[in-house]
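These are my notebook entries on a single protein chain. I set down what I looked up, in the order in which I looked it up.

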Amino acid sequence: MIELQVAEGDLVVSLIRGRGVHDGEILGISATNREIETEGIAIHRVRGGKIEYWAVVDQARFLRQVGVSPEPPA
């Protein structure tokens with residue numbers, strides 16, 4: 001889901017949120033069947049008839065939700 005999107009010139013930046021169930025192996029982690037939610041930023045640029053794409057996803061949040069990484073100290 002796109003939470004926020006900003007475009008200027010040849011760039012489009014999107015704040016994205018994904019929700020789902022960890023029901024298959026990802027990052028070498030077997031399915032936990034836990035519900036997860038994470039966020040990320042996607043950047044697209046159209047230049048020379050091509051689309052360039054970069055993305056950053058909050059993997060630490062995902063790892064905490066599937067029980068692989070501890071919660072940060074309060």
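**Entry 1: the β1–β2 pairing**

I began with the pairing of β1 and β2 in this predicted model. The two strands run antiparallel, and I counted six bridges joining them. For the register I took one pair: Ala7 stands opposite Val12 of β2. I then looked up the connection and found that β1 and β2 form a hairpin with two residues between them. Gly9, in that turn, has a positive phi of about 60°.

**Entry 2: the chain as a whole**

I next noted the secondary structure, which comes to one helix and four strands. Along the sequence the order reads β-β-β-β-α. I asked how the radius of gyration compares with the globule rule for 74 residues. The value is 15 Å, well over the 11 Å that the rule gives, so the chain is more spread out than a compact globule. Along the principal axes, the C-alpha atoms fill a box of roughly 45 × 30 × 15 Å.

I also recorded burial and contacts. Of the 74 residues, 14% count as buried. The chain exposes about 5600 Å², and carbon and sulfur atoms supply 55% of this area. Among contacts with a separation of 6 or more, 36% are between residues 24 or more positions apart.

**Entry 3: a nonpolar surface patch**

Which residues make the nonpolar surface patch? I found Leu4, Val6, Val13, Leu15 and Ile41, which together make a patch of about 390 Å². The elements that give two or more residues to the patch are β1 (2-8) and β2 (11-21). Ile41 has its place in strand β3, residues 35-47. I checked the exposure of Ile41: its relative accessible area is 42%, and it is therefore partly exposed.

**Entry 4: Val46**

I stayed in strand β3 to look up Val46, which has its place there. At a relative accessible area of 52%, Val46 is exposed. Leaving out residues up to four places away in sequence, I found that Val46 touches Asp10 and Ile51. Asp10 is 36 residues from Val46 along the chain, yet their C-alpha atoms are separated by 5.5 Å.

**Entry 5: salt bridges**

I then turned to charged pairs. Side chains of opposite charge can pair when their charged atoms come close. The structure holds nine salt bridges. In one of them Glu37 pairs with Arg17, with the closest N and O atoms 2.7 Å apart. Glu37 lies in strand β3 and Arg17 in strand β2, so this pair ties together parts that are 20 residues apart in sequence. Is Arg17 buried or exposed? Its relative accessibility is 18%, and because the cut-off for buried is under 20%, Arg17 counts as buried.

Glu37 also meets Arg61 in a salt bridge, at 3.4 Å from N to O. Since Arg61 lies in helix α1 (residues 59-65) and Glu37 in strand β3, the pair ties together parts that are 24 residues apart in sequence. Arg61 has a relative accessible area of 22% and is partly exposed.

A further bridge joins the side chains of Glu71 and Arg64, with 3.8 Å from N to O. I noted that Glu71 counts as exposed at 58% relative accessibility, whereas Arg64 counts as partly exposed at 25%. I closed this entry with the network: salt bridges that share partners join Glu3, Arg17, Arg19, Glu37, Glu39 and Arg61 into one.

**Entry 6: positive phi outside glycine**

My last check was of backbone angles. Most residues other than glycine have a negative phi. Where does Leu27 lie? I located Leu27 in the loop between β2 and β3. Leu27 is not a glycine, but its phi is positive, at about 55°. At 52% relative accessibility, Leu27 counts as exposed.

Asn33 is found in the loop between β2 and β3 as well. Its phi is positive, at about 60°, although Asn33 is not a glycine. I recorded a relative accessible area of 56% for Asn33, which is therefore exposed.

Methods
Residues are numbered from 1 along each chain as its sequence is written. This is a predicted model: local features need pLDDT of at least 70, side-chain atom pairs count only at pLDDT 80 or more; totals for chains, interfaces and linings use all residues. Side-chain values use heavy atoms; hydrogens and water are left out. Patches are made of residues with over 30% relative accessible area and no salt bridge: like charges are joined within 9 Å, nonpolar side chains (Val, Leu, Ile, Met, Phe, Trp, Tyr) within 5 Å. Accessible areas come from the Shrake-Rupley method with a 1.4 Å probe; for residues, only the protein chains shown count as cover. A salt bridge is a side-chain nitrogen of Lys or Arg within 4 Å of a carboxyl oxygen of Asp or Glu. Buried means under 20% relative accessible area, exposed over 50%, partly exposed in between (1.4 Å probe, protein chains only). Two strands pair if DSSP finds at least two bridges between them. The radius of gyration is taken over C-alpha atoms; the globule rule is 2.2 Å times the number of residues to the power 0.38. Contact means heavy atoms within 4.5 Å.
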